[in-house]
Amino acid sequence: MGNKFLQYFALTIVVIGAVNWGLVGFFNLNLVSLLFGSMSWISRIIYGLVGICGLYLLTFYGLVDGERQEA
């Protein structure tokens, strides 16, 4: 159960990061900076979490490859 929670948590954080980058790209609006200040300590924590969760989600490529070999 803990592993499933970690997967959903990481996926949620990365999706939030992706939405933020989309807003930056399309509208030049950084939602994290708008809500928490430009590079405040909490903004840095959020950016760090997005990066760590993104690295964790790299392990999902192994899961996809494993499913393809089973079929």
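**Exercise 1. Decide whether Ser-43 is buried or exposed in this predicted model, and find what it touches.**

Step 1. Take the accessibility. Ser-43 has 0% relative accessibility.
Step 2. Apply the cut-off. Buried means under 20% relative accessible area. Ser-43 therefore counts as buried.
Step 3. Place the residue. Ser-43 lies in helix α3.
Step 4. List the contacts, leaving aside neighbours within four places in sequence. Ser-43 is in contact with Val-32, Phe-36 and Gly-37.

**Exercise 2. Work out how the chain is built from helices and strands.**

Step 1. Count the elements. The protein chain has four helices and zero strands.
Step 2. Read along the sequence. The pattern is α-α-α-α.
Step 3. Look at the contacts between residues at least 6 apart in sequence. Of these, 51% join residues at least 24 apart.
Step 4. Turn to burial. The chain has 71 residues, and buried ones make up 14% of them.
Step 5. Add the surface. The accessible surface comes to about 5700 Å². Carbon and sulfur atoms account for 72% of that surface.

**Exercise 3. Compare the UniProt annotation with the model: where is the feature "transmembrane region" placed, and what does the chain do there?**

Step 1. Read the record. The unreviewed UniProt entry places this feature at residues 6–29 and 41–64.
Step 2. Check residues 6–29. The chain is 92% helix and 0% strand there. The end C-alpha atoms are 29 Å apart.
Step 3. Check residues 41–64. This stretch is 92% helix and 0% strand. Its end C-alpha atoms are 36 Å apart.

**Exercise 4. Locate the largest cavity and describe its lining.**

Step 1. Search the whole structure. One cavity of 30 Å³ or more turns up.
Step 2. Give the volume. The largest cavity has about 60 Å³.
Step 3. Name the lining. It consists of Ile-16, Gly-17, Asn-20, Trp-21, Val-32, Ile-46, Tyr-47 and Val-50.
Step 4. Assign the lining to elements. Those that give two or more residues are α1 (2–27) and α3 (41–57). Helix α1 gives the most, with four residues.
Step 5. Sort by class. The lining has six nonpolar, two polar and no charged residues.

**Exercise 5. Do the same for the largest pocket: which residues line it?**

Step 1. Start with the space. About 160 Å³ lies in the largest pocket.
Step 2. List the lining. Its residues are Ile-13, Ile-16, Val-19, Asn-20, Leu-23, Leu-31, Val-32, Leu-35, Phe-36, Ile-46, Leu-49 and Val-50.
Step 3. Assign them to elements. Those giving two or more residues are α1, α2 (31–36) and α3. Helix α1 gives the most, with five.
Step 4. Sort by class. There are 11 nonpolar residues, one polar and no charged ones.

**Exercise 6. Follow Asn-20 through the structure: is Asn-20 buried or exposed, and which residues does it contact?**

Step 1. Place the residue. Asn-20 lies in helix α1.
Step 2. Take the accessibility. Asn-20 has a relative accessible area of 6%, so it is buried.
Step 3. List the contacts, again without neighbours within four places in sequence. Asn-20 is in contact with Leu-29, Asn-30, Leu-31, Val-32 and Tyr-47.
Step 4. Go back to the linings. Asn-20 is one of the residues lining the largest cavity, and it is also among those lining the largest pocket.

**Exercise 7. Classify Ala-18 by exposure, then relate it to Val-50.**

Step 1. Place the residue. Ala-18 is found in helix α1.
Step 2. Take the accessibility. Its relative accessible area is 48%, so Ala-18 is partly exposed.
Step 3. Look across to Val-50. The two residues are 32 apart along the chain. Their C-alpha atoms are separated by 9.0 Å.

**Exercise 8. Examine two residues with a positive phi, Asn-28 and Met-39.**

Step 1. Take Asn-28. Its phi is about 55°, although it is not a glycine.
Step 2. Place Asn-28. It is found in the loop between α1 and α2.
Step 3. Check exposure. The relative accessible area of Asn-28 is 69%, so Asn-28 is exposed.
Step 4. Take Met-39. It is not a glycine, yet its phi is positive, at about 55°.
Step 5. Place Met-39. It lies in the loop between α2 and α3.
Step 6. Check exposure. Met-39 has 44% relative accessibility and therefore counts as partly exposed.

Methods:
Residues numbered from 1 in each chain as written. Predicted model: local features only at pLDDT ≥ 70, side-chain atom pairs only at ≥ 80, totals over all residues. Heavy atoms only, no water. 1 Å grid on protein atoms, 1.4 Å probe; cavity = no way out; pocket = protein on both sides within 12 Å on 5 of 7 lines; lining within 4 Å. Points joined across faces, edges and corners; volume = space filled by probe spheres on them. Nonpolar A, V, L, I, M, F, W, Y, C, P; charged D, E, K, R; others polar. UniProt positions renumbered as here; feature names shortened; annotations may be inferred. Buried < 20%, exposed > 50% of the residue type's maximum accessible area, 1.4 Å probe, protein only. Contact = heavy atoms within 4.5 Å. Areas by Shrake-Rupley, 256 points an atom, 1.4 Å probe, with all protein chains shown as cover.
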